[in-house]
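Trainee: I'd like to take a close look at one part of this structure with you. Could you walk me through it slowly and then show me how it sits in the rest?

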Amino acid sequence: NLQTINLSPNLKKIGDYAFQGQTKLESFDLPSSVEELGAYAFANSFFLKTFNIPSDTKLHIIGERCFAKSKYDSFTFPNTITSLGIYAFEDSAIKEFIFNEGFNLTEFSEGCFSGITGVKKFVLPESIEVISPYLFQGSKITHFSLNENHKITSIPNNAFEKCSTLYYFGIYDESKDSIKKSNAEYIIPEQITYIGDFAFSE
């Protein structure tokens, strides 16, 4: 199995399943020229700890389940992203998702963070206008917070289904960081007018 890899600086696309299951690939430096990552491109690469995306990246498409079951220390979403495939980070153990100033994606894909186990506290970026179905289904997040200026008006079907460790849902409030199961608190903002089937079902 691969341990290191050097890619052409002119590479435009990494195709479906390209590095799926590379259990000894430890670090990956994405060329800035890459515009698209295919479905399952890095899924099940269990020992890949760092996935480096350069600041001048042209990446705008991440395919279906591209990073499923990944275990990076962190993943920084580039501001160039315009499309996320369904279940892009399904069952991943990534410890931190980073969104920089200027991030402007308006919707995460269906099931994008379904089953994630690494991230515990998630603050929805202000640019996101819609919560997708199954977004965090079965995940281990403990806190889900909305920005004060959020645009969310509905919580769709199965969005937080089987999230047994979700102890806080509401507008971001640092004082809520210590909330545990014994004093769980869901504060639905007044802008939200619809909660779908099985949205918070356990």
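Are Phe144 and Phe169 buried or exposed? I'd like to start there and work outwards.

Mentor: Happy to. Keep in mind as we go that this is a predicted model. Phe144 is buried, and Phe169 is buried too. For Phe169 the relative accessibility comes out at 0%, and the cut-off for buried is under 20%, so the label fits.

Now look at the two rings together. Their centres sit 5.3 Å apart and the planes make an angle of 20 degrees, so Phe144 and Phe169 count as a stacked pair. Stacked here calls for planes under 30 degrees apart. A search through the whole structure turns up 43 aromatic pairs, and this stacked one is the pair to keep on your screen. In sequence, the partners are 25 residues apart: Phe144 belongs to strand β10 (residues 143–146) and Phe169 to strand β12 (residues 168–171), so the pair links distant parts of the chain.

Phe169 has another aromatic partner, Tyr186. That pair is tilted, with 6.5 Å from centre to centre and 55 degrees between the planes. Tyr186 lies in strand β13 (residues 185–186) while Phe169 is in β12, so this contact ties together parts that are 17 residues apart in sequence. The surroundings of the two partners are worth noting: Phe169 is buried at 0%, whereas Tyr186 is partly exposed, with a relative accessible area of 36%.

Next, step back to the strand that carries Phe144. β10 is covered on both faces. His143 and Ser145 are buried on one side, and Phe144 and Leu146 are buried on the other. As for its strand partners, β9 (residues 121–123) runs parallel to β10 and is joined to it by three bridges. Within that pairing, Val123 stands opposite Ser145. β10 also pairs with β12, again in the parallel sense, over four bridges. There, His143 has Tyr168 of β12 as its bridge partner. So β10 and β12 are connected through their backbone bridges as well as through the stacked Phe144 and Phe169 rings.

Let's put that in the setting of the whole chain. The protein chain has 14 strands and zero helices, so if you read the elements from the N terminus on, you get β after β right to the end. Of the 202 residues, 46% are buried. Among contacts with a separation of 6 or more, 42% are between residues 24 or more positions apart. The radius of gyration is 17 Å, which agrees with the value near 17 Å that a compact globule of 202 residues would have. Along the principal axes, the C-alpha atoms fill a box of roughly 50 × 30 × 30 Å. The exposed area is about 9,900 Å², and carbon and sulfur atoms supply 45% of that.

For another piece of strand pairing, go to the open sheet of four strands with the order β1-β3-β5-β7, where the pairing is parallel. Its edge strands are β1 (13–14) and β7 (83–84), each of which pairs on one side only. β5 (residues 61–62) runs parallel to β7 and is joined to it by two bridges, and Ile62 stands opposite Leu84 of β7.

Two loop residues round off the tour. Arg65 sits in the loop between β5 and β6 (75–77). With a relative accessibility of 17%, Arg65 counts as buried. Its side chain makes a polar contact of 3.0 Å with the side chain of Glu64. Once neighbours within four places in sequence are set aside, Arg65 is in contact with Tyr40, Ala43, Ile86, Tyr87, Ala88 and Glu90.

Ser45 is in the loop between β3 (36–37) and β4 (50–52). At 1% relative accessibility, Ser45 is buried as well. The Ser45 side chain reaches the backbone oxygen of Phe42 at 3.3 Å. Not counting residues up to four places away in sequence, Ser45 touches Phe19, Gly21 and Gln22.

If you return to the starting point, the picture to hold on to is Phe144 and Phe169 stacked, with Phe169 also in a tilted pair with Tyr186.

Notes. Residues are numbered from 1 along each chain as its sequence is written. This is a predicted model: local features need pLDDT of at least 70, side-chain atom pairs count only at pLDDT 80 or more; totals for chains, interfaces and linings use all residues. Side-chain values use heavy atoms; hydrogens and water are left out. Rings of Phe, Tyr and Trp (its six-membered ring) pair if their centres lie within 6.5 Å; planes under 30 degrees apart count as stacked, over 60 as edge-to-face and the rest as tilted. Buried means under 20% relative accessible area, exposed over 50%, partly exposed in between (1.4 Å probe, protein chains only). A polar contact is a pair of N or O atoms within 3.5 Å; within protein, one must be able to donate a hydrogen and the other to accept it, and residues adjacent in sequence count only if both atoms are side-chain atoms. Contact means heavy atoms within 4.5 Å. Two strands pair if DSSP finds at least two bridges between them. The radius of gyration is taken over C-alpha atoms; the globule rule is 2.2 Å times the number of residues to the power 0.38. Accessible areas come from the Shrake-Rupley method with a 1.4 Å probe; for residues, only the protein chains shown count as cover.
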